[in-house]
Amino acid sequence: MTRGTVAINRWFACFCTGIALTTAMLPAQSRAETAIDRPVKLPVAAPSRSSSALVQLPKPPVGESATSQLLGDFSTPADRRSLLRAIDYSLRYLQTERAIAAYRRPPTPGITRERVARSLRRFRQLLLTIASAKALQAAIEREFVFYQATGKDGQGTVAFTGYFEPVYAASRRPTAAFRYPLFRLPPDLANWSKPHPTRLQLEGADGLQFQNRWLKGLELVWLRDRLEAFLVQVQGSARLQLVDGGVMTVGHAGTTDYSYTGIGRELVKAGKFKLEDLTLPLLIQYLADHPDERDVYLPRNNRFVFFKPTDGAAAIGSLGVPVTAERSIATDKTLFPPGALALMQTQIPYPNAAAQLEKRFVNRYVLDQDTGGAIKGAGRVDVFIGTGQLAGDRSGLINAPGALYYLLLK
């Protein structure tokens, strides 16, 4: 999830970035007004190859049936409330100097800050005034134009992953049980010579050799498990249950000048897993069963993340506003319009009646409110799933192709 002022890479995105997804686009899931789930095919538009990350479509990417798959996103009041909340956060961002600067040279001609704001305000008005999901979708298709992400292949294929805000036990002081710290931002980081020290140089192979000239005295809070501390760096923020009572929230404060190396990719290269089998839960279990290999693979990610207390605040995306579960996505902001409304089509895991996670094919309106070091190019999207264990479990299973569309008023 993210992080103070700048978002960071997340677990699976970090582990698997750079590995091509080969699964074909699957049929989407319908929940219409009858709230009955049944898979049906949706046509996925294939834009022409273009140097732009977005291509305007001649018509909305939905079927002709009145029971369009998109209706399921409006089937409950909670669906609308979460979307309204995320829209309000984007509108707040669009009034800032940061947004004005970001849109001085928009990546896609015609998608300006003013047009994005107008589109959000109109979409919000439709959500509040039209009760019927069918009528709402019809109004959206009538008033908005859709731009499709060209994807990793220039034909609209987008790789989706998930991220979350972890909740771990922690201590304000080091103890025999809590030995692995998160670190404050070094006050002299801007003066560090480059190349910056690697993760191995900063904390040692075992993660405990940090009493050096770079990190000494910068310990912020202590965790009991090295992989947990590493995953907080991957997620970029965390909610920590302190052993002396209370909760500490931390967010991203800065990083060393390295790109991420995906730990999952390293394990695949070493023959530990097949790519198609790799998930975060599997990776965590493998490193729990082979603790000595943590000291081999974790130091391969040279990028080191620093933190600051956030005083109980919700997880914050790179736009400086809170991210909303299943409504906020992270993309490459050099290519896509920050704060804009989008529609994603992909697979998301949900608990079934037996409390097991199963993937469903979803069409969901989302807001582009975050970014990450592993989220590069027109073919990568990271979906914020929420806070805590279940969100982490669900995030860890998101690894699917799909499609991404942006909505702007005509």
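## Asn 363 in strand β14

In this predicted model, Asn 363 counts as buried because its relative accessibility is 5%, where the cut-off for a buried residue is under 20%. Asn 363 belongs to strand β14, which spans residues 357-370, and its side chain makes a polar contact of 3.0 Å with the side chain of Gln 345.

## Helix α2 and its cover

Strand β14 also takes part in covering helix α2, since the elements that lie over the buried residues of this helix include α3 (97-102), α4 (113-129), α5 (133-143) and β14. Helix α2 runs over residues 77-94, and its 18 residues reach 26 Å from the first C-alpha to the last, close to the 26 Å expected at 1.5 Å a residue.

The buried residues of α2 include the polar or charged names Asp 79, Arg 80 and Ser 82, and among the others are Leu 83, Leu 84, Ala 86, Ile 87, Tyr 89 and Leu 94.

## The six-stranded sheet

Elsewhere in the model, six strands make up an open sheet of mixed pairing, in the order β7-β8-β6-β9-β10-β11. Strands β7 (180-183) and β11 (305-309) stand at its edges, and because each has a single partner strand, one side of each is left without a neighbour in the sheet. From one strand to the next, the twist averages 45 degrees.

Within this sheet, β9 (residues 237-242) and β10 (residues 247-255) run antiparallel and are joined by five bridges, with Leu 240 standing opposite Met 248 in β10. Helix α7 (residues 226-235) packs on the sheet, where it touches β6 (167-171), β7, β8 (219-223), β9 and β11, and the direction of α7 makes about 20 degrees with that of β7.

Note on methods
Residues numbered from 1 in each chain as written. Predicted model: local features only at pLDDT ≥ 70, side-chain atom pairs only at ≥ 80, totals over all residues. Heavy atoms only, no water. Pairing = 2+ DSSP bridges. Helix = DSSP H or I, 4+ residues; strand = E, 2+ residues; numbered from the N terminus. Axes fitted to C-alpha atoms, helices over the stretch in contact; angles between N-to-C directions. Contact = heavy atoms within 4.5 Å. Buried < 20%, exposed > 50% of the residue type's maximum accessible area, 1.4 Å probe, protein only. Polar contact = N/O pair within 3.5 Å; in protein donor to acceptor, adjacent residues only side chain to side chain. Expected span 1.5 Å × (residues − 1).
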